[in-house]
Amino acid sequence: MRSTWGRRLVKPGLLMLLVFSLTWLAFGCTDSKAGGEQAPAPRADSGAFNVYTSFYPLYDFTKKIAGDKAEVINLQPVGVEPHDFEPSPQQVANLYQGRVLIYLGGMMDPWAGKINSQLQKEGVITLAAGEGLMVNNDPHIWLNPVLAKEIARRICDTLVAADAGNKGYYEQNLQALEQKLDTLDREYRQTLAGLPRKEIVTSHAAFAYLAQRYGLEQVAISGLSPQEEPSPQEMARLVTLCRDRGVKYIFFETLASPKLADTLARETGAGTMVLNPIGGLTPEEVKAGEDYFTLMEKNLANLKKALE
Ligand SMILES: [Zn+2]
């Protein structure tokens with residue numbers, strides 16, 4: 001299936017051009033907005049080019065670095081849990097028309113690794129932004145701001161490779177992003193260092209890198225993805241652990257079911273709060289203008305409350 005995607009799409013350029021021209025005539029020169037879930041036609045007027053990302057944190061960092069020089073399109077629709085997500089055949093077809101694809105690599109977006117070399121053969125610049133940064137196949141590196149900086153730097157280099165004319169612009173945006181990540185890291189260190197509790201009971205095992213960075217201990221209900229649910233024996237062990245340690249809050253997520261976190265909280269008399277893995281946004285979060293930084297701030301506030 002994969003190779004036919006590639007081969008069928010080798011020369012659709014002319015047809016696509018015709019379609020885009022007709023769309024252009026029909027709708028005039030209105031700017032298409034990068035909503036994060038739609039695939040707008042490339043803007044012929046500005047020289048902006050399409051950059052696709054596989055899921056939210058990569059989209060957010062890319063958008064912040066690309067600014068108005070590229071059309072950044074997130075393949076993962078709003079409200080979709082990223083571990084579940086695979087692009088549609090139409091989205092894959094669109095990738096071959098784009099200039100850049102940025103994905104993480106590993107278990108988060110395995111479909112991208114499978115078409116990577118075919119895309120490169122067709123002239124698409126690709127980046128597996130997490131390559132070499134992951135430990136034990138755990139994909140959640142963006143939740144450690146230090147690793148997020150490395151991701152951002154790689155994204156910047158990739159944009160420069162695609163569009164060297166705007167190198168200075170991209171590097172300036174990268175610098176601003178790096179500064180924000182440094183500030184976030186400092187805030188996390190200062191806030192969490194003085195708190196008496198260290199264990200965070202999370203919905204799925206998304207916070208190992210964050211826990212390691214700030215000296216916390218992650219106790220996860222599910223595995224590396226929300227689909228890896230615990231056995232009844234494992235749930236019983238978690239109940240005992242939470243009771244023994246007097247855990248005050250069980251964390252749940254916005255895009256995965258809170259069922260197991262609720263059960264554990266009920267069994268142990270703990271409260272529940274959100275700890276957001278920021279793998280994707282809900283429609284409400286998009287509407288509220290949330291991004292990686294606002295959600296990391298909310299996470300820090302809830303961590304503080306749970307560990308005080
Ligand atoms: Zn996850």
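This is a short walk through the structure above, from the whole chain down to single residues.

Let's start with the overall picture. The model is a predicted one, and its protein chain is built from twelve helices and eight strands. Of the 308 residues in the protein chain, 50% count as buried. Contacts across the sequence are well represented here: among those in the protein chain with a separation of 6 or more, 66% join residues 24 or more positions apart. On the outside, the protein chain exposes about 14300 Å², and 53% of that area comes from carbon and sulfur atoms.

Next come the cysteines. A disulfide is a covalent bond between the sulfur atoms of two cysteines. How many disulfides does a search of the whole structure find? The count is zero. Two cysteines are worth a look in your viewer all the same. Cys156 has a relative accessibility of 1%, and because buried means under 20%, Cys156 falls in that class. Cys242 is buried as well, with its relative accessibility at 2%.

Now turn to the metal. Which residues are the protein donors of the zinc ion? They are His83, His140 and His204, each through its NE2 atom, and they lie 2.0 Å from the zinc ion. Written as a sequence pattern, the spacing of these donor residues is H-x56-H-x63-H. Two of the donors show how distant parts of the chain are linked: His83 and His204 are 121 residues apart. His83 sits in the loop between strand 2 (70–74) and helix 4 (89–95), while His204 sits in the loop between strand 5 (199–202) and helix 8 (208–213). Both His83 and His204 are buried.

What about empty space inside the protein? Rolling a probe the size of a water molecule over the atoms shows where such space is left. In this model there are three cavities of 30 Å³ or more. The largest cavity holds about 70 Å³ of space. It is lined by 15 residues, and those closest to its centre are Glu81, Pro82, Glu253, Pro277 and Gly279.

Helix 7 offers another example of a link across the sequence. Tyr169 lies in this helix, which covers residues 167–193. Is Tyr169 buried, partly exposed or exposed? Its relative accessibility is 24%, so Tyr169 counts as partly exposed. Setting aside neighbours within four places in sequence, Tyr169 is in contact with Ile65, Ala66, Gly67, Asp68 and Lys69. For one of these, Ile65, the C-alpha to C-alpha distance to Tyr169 is 8.3 Å, although the two are 104 residues apart in sequence.

Finally, let's check some backbone angles. Most residues other than glycine have a negative phi. Asn137 has a positive phi, near 60 degrees, and Ile278 also has a positive value, of about 55 degrees. Asn137 is found in the loop between strand 4 (125–128) and helix 6 (145–162). Ile278 is found in the loop between strand 8 (271–274) and helix 11 (283–287). Where the two part ways is in their surroundings: Asn137 is exposed, with a relative accessible area of 61%, whereas Ile278 is buried, with a relative accessible area of 0%.

Conventions. Residues are numbered from 1 along each chain as its sequence is written. This is a predicted model: local features need pLDDT of at least 70, side-chain atom pairs count only at pLDDT 80 or more; totals for chains, interfaces and linings use all residues. Side-chain values use heavy atoms; hydrogens and water are left out. Helices (H or I, at least four residues) and strands (E, at least two) are DSSP runs, numbered from the N terminus. Buried means under 20% relative accessible area, exposed over 50%, partly exposed in between (1.4 Å probe, protein chains only). Contact means heavy atoms within 4.5 Å. Accessible areas come from the Shrake-Rupley method with a 1.4 Å probe; for residues, only the protein chains shown count as cover. A disulfide is a pair of cysteine sulfur atoms within 2.5 Å. Donors are N, O and S atoms within 2.8 Å of the metal (3.2 Å for Na, K and Ca); water is not among the atoms, so sites may look incomplete. On a 1 Å grid over the protein atoms alone, a cavity is a set of points where a 1.4 Å probe fits but cannot get out, and a pocket is an open set with protein on both sides within 12 Å along at least five of seven lines; lining residues have an atom within 4 Å of a point. Grid points are joined across faces, edges and corners, and a volume is the space filled by probe spheres set on the points.
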